[in-house]
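Q: Please take a close look at a single part of this structure, and lead me through it slowly. Which residues touch the most other members of the largest nonpolar core?

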Amino acid sequence: MLAALVKESYSPERLDPGVSEPTVVELADGSRAIALPQEQMFEPYRSLRLIDAAALGTTLVITFHWDDGDDDGTIFVMPLDGRDVELDLADDIAVTTFLSHNLEFTLGGPRTSWEPARSTPLSRRLAVVRPWS
């Protein structure tokens, strides 16, 4: 369920609303929101390019590129250890909050703000990112 929600919430189609300027859009529930062009969004929404997400037992593994204009082709792998997390998977708000906090708190700034402190290179273009705890 968590992997599917990451794929749905952070897919390229979801993050790029297809607008060239801020635009008021009507959502499926009838409410309205402002859709921003992806280049005007806050991080990680602006630069995160999700490759995949998978649940491996109690670990959620998210793989992504970071395309902030200086993409060097590095693939980042971010494992979220869920063994000590008490999360009601039936509570949509709790699940969404858990995922957004882990992704946004870890990757919420430019790559230079999180990569040196939270990233461990495994090879020239592969690194593991330690999520915010």
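A: What follows begins with how far to trust the model and then turns to the core. This is a predicted model, in which local features need pLDDT of at least 70 and side-chain atom pairs count only at pLDDT 80 or more, while totals for chains, interfaces and linings use all residues. Residues are numbered from 1 along each chain as its sequence is written, and side-chain values use heavy atoms, leaving out hydrogens and water. The chain averages a pLDDT (the predictor's confidence in each residue, from 0 to 100) of 90, and 99% of the residues score at least 70.

The largest nonpolar core (buried Ala, Val, Leu, Ile, Met, Phe, Trp, Tyr and Cys residues joined through side-chain atoms within 4.5 Å) has 24 residues, of which Val6, Leu60, Ile62, Phe64, Leu99 and Leu107 touch the most other members. At least two residues of this core come from each of helix 1 (2–9), strand 3 (48–56), strand 4 (59–66), strand 5 (75–81), helix 3 (92–107) and strand 7, these being DSSP runs numbered from the N terminus, with H or I and at least four residues for helices, and E and at least two for strands. Helix 3 gives the most, with five residues.

Leu60 has contacts (heavy atoms within 4.5 Å) with residues including Val6, Met78 and Leu99, when residues up to four places away in sequence are not counted. Leu48, which lies in strand 3, is buried (under 20% relative accessible area, with a 1.4 Å probe and protein chains only), at a relative accessible area of 3%. Beyond its neighbours within four places in sequence, Leu48 is in contact with Tyr10, Leu15, Gln38, Phe64, His65, Trp66 and Leu107.

Definitions and conventions. Buried means under 20% relative accessible area, exposed over 50%, partly exposed in between (1.4 Å probe, protein chains only).
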